[in-house]
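Let's take a walk through a protein fold together. Keep the picture handy and turn it as you read.

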Amino acid sequence: MSDCIFCKIVAGEIPSTKVAENEHAIAFHDINPEQPVHILAVPKQHFSNVSDLALNDSGITAEFMRFVAEVAAEQTNGHYRLQFNTGAAAGQTVFHVHGHILSQSSKGSIA
């Protein structure tokens, strides 16, 4: 979608602090982190929310969740929360599916 900020990040039109990428997804640091580790994982193909993704492409859903698990393993100490907001009333502000990987501790920290 031409007006989607995450589509523009995927296309390289808007810079991001990338932490991982594969052929189906990208992960980057949130510009307004809520925890010491706050990474957004975004499929490269546009889906409006996680339900849209799950209902329309189970193959990409599985690949995306593997990607999220790999990023979380690399960026956290193994203790993290994965959050998807679906719909404006639930706090979704960008209508391109994205998972928030949130943790108090990065990889290598004791806490």
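Before we meet any partners across a sheet, one term: two strands pair if DSSP finds at least two bridges between them. Also keep in mind that what you see is a predicted model.

Start with the overall plan. The protein chain has three helices and five strands. Reading from the N terminus, its elements come in the order α-β-β-β-α-α-β-β. The radius of gyration is 13 Å, close to the 13 Å that the globule rule gives for 111 residues, so the chain is as compact as a globular protein of that length. If you drew a box around the C-alpha atoms along the principal axes, its sides would be roughly 40 × 30 × 30 Å. How much of the chain is buried? Of the 111 residues, 37% count as buried. The chain also folds back on itself: among contacts with a separation of 6 or more, 53% are between residues 24 or more positions apart.

Now find the sheet. Its five strands sit in the order 1-2-3-5-4, the sheet is open, and the pairing is antiparallel. At the edges you'll find strand 1 (18-21) and strand 4 (81-83), each pairing on one side only. From one strand to the next, the twist averages 20°.

Let's cross the sheet from the strand 1 edge. A hairpin of three residues takes you from strand 1 to strand 2, and three bridges join these antiparallel strands. Here E21 has I26 of strand 2 as its bridge partner. Strand 2 is mostly covered, with four of its five residues buried.

Next door, strand 2 pairs with strand 3 in the antiparallel sense, over five bridges. Look for H29, which stands opposite I39 in strand 3. The loop between strand 2 and strand 3 holds I31. Is I31 buried or exposed? The cut-off for exposed is over 50% relative accessible area, and I31 has 77% relative accessibility, so I31 counts as exposed. To get a feel for distance, compare I31 with Q92: they are 61 residues apart in sequence, and their C-alpha atoms are 15 Å apart in space.

Strand 3 deserves a pause. Seven of its seven residues are buried, so strand 3 is largely enclosed by the rest of the structure. In a regular strand, side chains alternate between the two faces of the sheet. In strand 3 both faces are covered: V37, I39, A41 and P43 are buried on one side, while H38, L40 and V42 are buried on the other.

Strand 3 is joined to strand 5 (residues 99-103) by five bridges, and the two run antiparallel. In this pairing V37 stands opposite S103, and H38 stands opposite L102.

Now bring in a helix. Helix 3 packs on the sheet and touches strand 1, strand 2, strand 3, strand 4 and strand 5. The direction of helix 3 makes about 160° with that of strand 3.

What fills the inside? In soluble globular proteins, nonpolar side chains tend to be buried together. Here the largest nonpolar core has 16 residues, and F67, V71 and I101 have the most contacts inside it. Strand 2, strand 3 (37-43) and helix 3 (58-75) each supply at least two residues of this core. Helix 3 gives the largest share, six residues. Zoom in on F67: leaving aside neighbours within four places in sequence, F67 is in contact with A20, E21, N22, A25, I26, A27 and A41. There is also a second, separate core of nine residues, including C7, I9, V42 and V94.

One last stop: the aromatic rings. A pair of aromatic rings is described by the distance of the centres and the angle of the planes. How many aromatic pairs does a search of the whole structure find? The search finds two. Take F6 and F28: the ring centres are 5.8 Å apart and the planes are at 70°, so this pair is edge-to-face. The pair links distant parts of the chain, with F6 in helix 1 (residues 5-10) and F28 in strand 2 (residues 25-29), 22 residues apart. Both F6 and F28 are buried.

Terms used:
Residues numbered from 1 in each chain as written. Predicted model: local features only at pLDDT ≥ 70, side-chain atom pairs only at ≥ 80, totals over all residues. Heavy atoms only, no water. Phe/Tyr/Trp six-rings, centres within 6.5 Å; stacked < 30°, edge-to-face > 60°. Buried < 20%, exposed > 50% of the residue type's maximum accessible area, 1.4 Å probe, protein only. Core = buried A, V, L, I, M, F, W, Y, C linked by side-chain atoms within 4.5 Å. Contact = heavy atoms within 4.5 Å. Axes fitted to C-alpha atoms, helices over the stretch in contact; angles between N-to-C directions. Rg over C-alpha atoms; globule rule 2.2 N^0.38 Å.
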